[in-house]
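Colleague: I am new to reading structures, and I would love a close look at one part of this one. Could you walk me through the surroundings of the RNA strand, and then the empty spaces inside?

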Amino acid sequence: MARYNAKESERYWQGVWDDRALFVTPVESEKPKCYVLEMFPYPSGRIHMGHTRNYTMGDVIARFRRAQGYNVLHPMGWDAFGLPAENAARDKGVSPRDWTYENIAAMRTQLKMMGLSIDWTREFATCDPAYYHQQQKLFLDFYKAGFVYRGEADVNWDPVDMTVLANEQVIDGRGWRSGALVERRKLSQWFFKITDFSEELLNALDTLERWPEKVRVMQKNWIGRSEGLKFQFALSNGGKLDVFTTRPDTLFGASFVALSPEHPLAQELAQKDKALADFIVECRKTGTAEAEIEKAEKLGYDTGLTAAHPFDPSWKLKVMVANFVLMGYGTGAIFGCPAHDQRDLDFARKYGLCVTPVVVPSDADPKTFSVGTEAYTGPGKLANSQFLDGMTVEEAKAEVAARLEKAGMGERTVNYRLRDWLVSRQRPWGCPIPMVHCPICGVVPVPEGSLPVLLPDKINFSVRGNPLDADLDWKTSVCPSCGEAAVRDTDTLDTFADSSWYFARFTDPTSDTPVNKQAADYWLPVDQYIGGIEHAILHLLYARFFTRAMNKLGMVSTPEPFAGLFTQGMVCHETYKDDEGNWVSPDEVEKKGGKAFLRSSGAALEIGASEKMSKSKKNVIAPEEIIDVYGADTIRWFMLSDTPPERDVEWTDAGAEGCWRFVQRVWRLAGEAEGLAPVGTAPTADDEISKALRQATHRAIAAVTEDLALLRFNRAVAQAYMLANAMADGEKANPAARREAAEALVLLTAPMMPHLAEACWQGLGHKTLAAQTPWPVHDPALLKSDTITIAVQVNGKRRCEVTVAADAGNKTVEAAALALDGVIRALDGAAPKKVIVVPGRIVNIVA
RNA sequence: GCGGGCGUGGUGGAACUGGUAGACGCGCCAGACUCAAAAUCUGGUACCGAAAGGUGUGUCGGUUCGAUUCCGACCGCCCGCACCA
């Protein structure tokens, strides 16, 4: 029999699917819906192994659910705005638009070679004017609803390139491109009011049952809810100072009050105090580099002001400015209780402030309990605290809160770590913010009828700063309100905005509103979303925020975008280094007996750890080369085999060859079954071998169905191997049973190796397509056997096994077990004290 | 420091809610076919032991008739957050 020609076959079947528009999703359907989505790619120009893993998993689910009778939506698009296009434009002198669309065309071709069952009629790129037109409408809808506001923000400003930089673009305090020292500047910027949704976003995490626990925990920590008390200190200068604390119980242990260097009061005092101003500048320097923060010494500056203790106005606390107090959390001011907070303790020890324990552990004596170099943060009873003495921490918290609230000096509040989302970017390759700045009317939204605000045809990258800002033709506009000359907002939206609602747009990508509610309500939420763990917080949190905001505006009915989330692991490969320490690419390497040599010279190479494929370590394998050699089905099968999908997988040549062998094996097994019995022959099990084969077939159907539903692809793969092995054992089975097994093998592997399945299915004499064939259903009667073999233990140690009738009673099983030679030998004449029989599982004899 | 996860053969990994540890793949070994090789097929493969048997899921202890699974302590690795009051 001829070997399977993957290349030819794959091209052929992809053509057949295309011609029949097999994966174009019908608008109306009586079937239950299933929306399968993988995180859409950035159009870098070529797909990498990570993409093939991600999209293969999604495709398996899409094909599996389609076969099970679901109406499946499985679309694809492009996250097409962003920096790489700007860099390419600047470096190569091409337009970012052309560069992006050329990359999209190249990647689309590569993805199509994978044989993915995607509805390509719904494809769009976020840089399509039609898409960002709707995004601008959405922005204005959010603006009208109060979800968008303009505020001042501290940003990383590169004074040479005259642009804002993202945090990761600042290296050692300098711009990554210009090398200039980055300044912190206060700029007026647009914000999305994600903090309005803090509570909802947090609470709803509990409803996301099909999300990884890990991601939910990360989001929970990111939102960072803490309950506490906000209250006021009266200051010696007559002013008031708000502080936030989660430990109001420790108020009598207070020994100072501290302000953030960025606190308005600190700033105000610095205007008349040169030394304080210098101190604040000093704090700012150490404040940026992340690694240093950990080791940074606690520094403080005594303002000379004092604060009166709320329960004893004669008790004065020093007001310090301290480098460890954050302006962005709470009120930017705290009271320090050194005995029960490590940071406060470090600070107090350095500046000689008093340390009074007010919470004493239950096993310690309040009279002698003291705090040395470690703050006590555990539970205990209050002491040295007047009316709080003897209370538990919880009781004391409530008492202090109640008293301060009653006195009008404070209130219980909930604080969040989450901050509003700054979306302004001084970048030319993004969605223009549809706002106009008028010298008379101020900030005015562009009227809906004047949308979209299109990007200019030509973007000049030779100017300093944002090309949109330098493009006077583009920038100049008129005020929609008064008609006077005005300028456009030259900022664009953070590209995370683009990916925050694309899943909703896919449900009707041509709608002339951002979403078509009817379509969105039919399809949303996404039933299975698949992507990398690196998006655990930002993308997924932003998408949840957008969905909630759209929900509030009545645009979609679902509050959550993704009912099921799966985060797949990375694709890794061994690394190689030559004797000079240079990385060597796998295609220059020859491996012999577990050692690596340079193919060109034969020089020995050092084999390093398996790491995520990356250009810098040169350990990249190009998917198109693998497809070229083995075909798409082999690479798909590899991506699903062995390693659980959430873990990192290592690409190996040997593994790929193993997959290729299996492709051939399935082809051969199907070919052997071909002429045995006509299509549709009812299988019978009139002899032992046929019965065993039929049982193996139906066990495989049951197992693969369950495994695929739970995304346990590696186990589904193992089940397919087992069925193939059973077919080899069942060569003597009757023709109908062999055909049944072959058809099951083909259909069960069809979602994973779809081209091979079509070829085999045709070979088996079918006129229909495997992709349109219903999923096989197992016969429960064939999962049961007449006899079962169970293990027999003596004192918990396995000694032998016994084969009994499946419906044998415990007494029968017990008697059979006790009669076994192995048991008699192990008992060595002793009488069994107790016999435990777990039906169908085990017998344990206690001697 | 805080939070989360993970430790099983030469190797990737199976083992459902405590019930035959090592499914399935890779690798390796042997055999068949072949002039030979490749491909393919068949068998074997946790460790010690000639065998009987013994030992084994990071380490130590506990619960249990029975523990990879549950509990406690420790060791090691990975990920996330990090002066959040």
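Modeller: Happy to! A polar contact here is a pair of N or O atoms within 3.5 Å. Please keep in mind that this is a predicted model.

With that cut-off in hand, let us begin at threonine 246. A polar atom of its backbone is 2.2 Å from a sugar or linking oxygen of RNA strand B. Threonine 643 also faces a sugar or linking oxygen of the strand, but here the partner is a polar side-chain atom, at 2.9 Å. For a phosphate oxygen, look at arginine 668: an N or O atom in the side chain of this residue lies 2.7 Å from one on RNA strand B.

Now step back to the whole surface around the strand. In total, 51 residues surround RNA strand B, and the closest are Thr246, Lys298, Arg343, Arg715 and Arg841. Which parts of the RNA come within 4 Å of the protein? Sugar and phosphate make up 62% of those RNA atoms. On the protein side, the surface near RNA strand B consists of 21 nonpolar, 11 polar and 19 charged residues. Helix H23, which spans residues 713-729, is the top contributor to this surface, with seven residues.

Next come the empty spaces. Rolling a probe the size of a water molecule over the atoms reveals where empty space remains. Across the whole structure, the search turns up three cavities of 30 Å³ or more.

The largest cavity has a volume of about 150 Å³. It is lined by 16 residues, and Arg63, Ala67, Ala750, Ala770 and Ala771 are the closest to its centre. Helix H2 (49-67) and helix H25 (754-763) are the elements that each supply two or more residues to this lining. What kinds of residue form the lining of the largest cavity? By class, there are 12 nonpolar, one polar and three charged residues.

The second largest cavity has a volume of about 70 Å³. Its lining is made of Leu669, Glu672, Ala673, Leu693, Met727, Glu731 and Arg738. Helix H21 (residues 653-673) provides the largest share of that lining, with three residues. By class, the lining of the second largest cavity has four nonpolar, no polar and three charged residues.

If you want a place to start on screen, find threonine 246 and its 2.2 Å pair with RNA strand B, then go on to Arg63, one of the residues closest to the centre of the largest cavity.

Technical notes: Residues are numbered from 1 along each chain as its sequence is written. Chains are lettered from A and ligands numbered from 1 in the order in which they are written. This is a predicted model: local features need pLDDT of at least 70, side-chain atom pairs count only at pLDDT 80 or more; totals for chains, interfaces and linings use all residues. Side-chain values use heavy atoms; hydrogens and water are left out. A residue is near a molecule or strand if one of its heavy atoms lies within 4 Å of it. A polar contact is a pair of N or O atoms within 3.5 Å; within protein, one must be able to donate a hydrogen and the other to accept it, and residues adjacent in sequence count only if both atoms are side-chain atoms. Helices (H or I, at least four residues) and strands (E, at least two) are DSSP runs, numbered from the N terminus. Ala, Val, Leu, Ile, Met, Phe, Trp, Tyr, Cys and Pro count as nonpolar, Asp, Glu, Lys and Arg as charged, and the others, Gly among them, as polar. On a 1 Å grid over the protein atoms alone, a cavity is a set of points where a 1.4 Å probe fits but cannot get out, and a pocket is an open set with protein on both sides within 12 Å along at least five of seven lines; lining residues have an atom within 4 Å of a point. Grid points are joined across faces, edges and corners, and a volume is the space filled by probe spheres set on the points.
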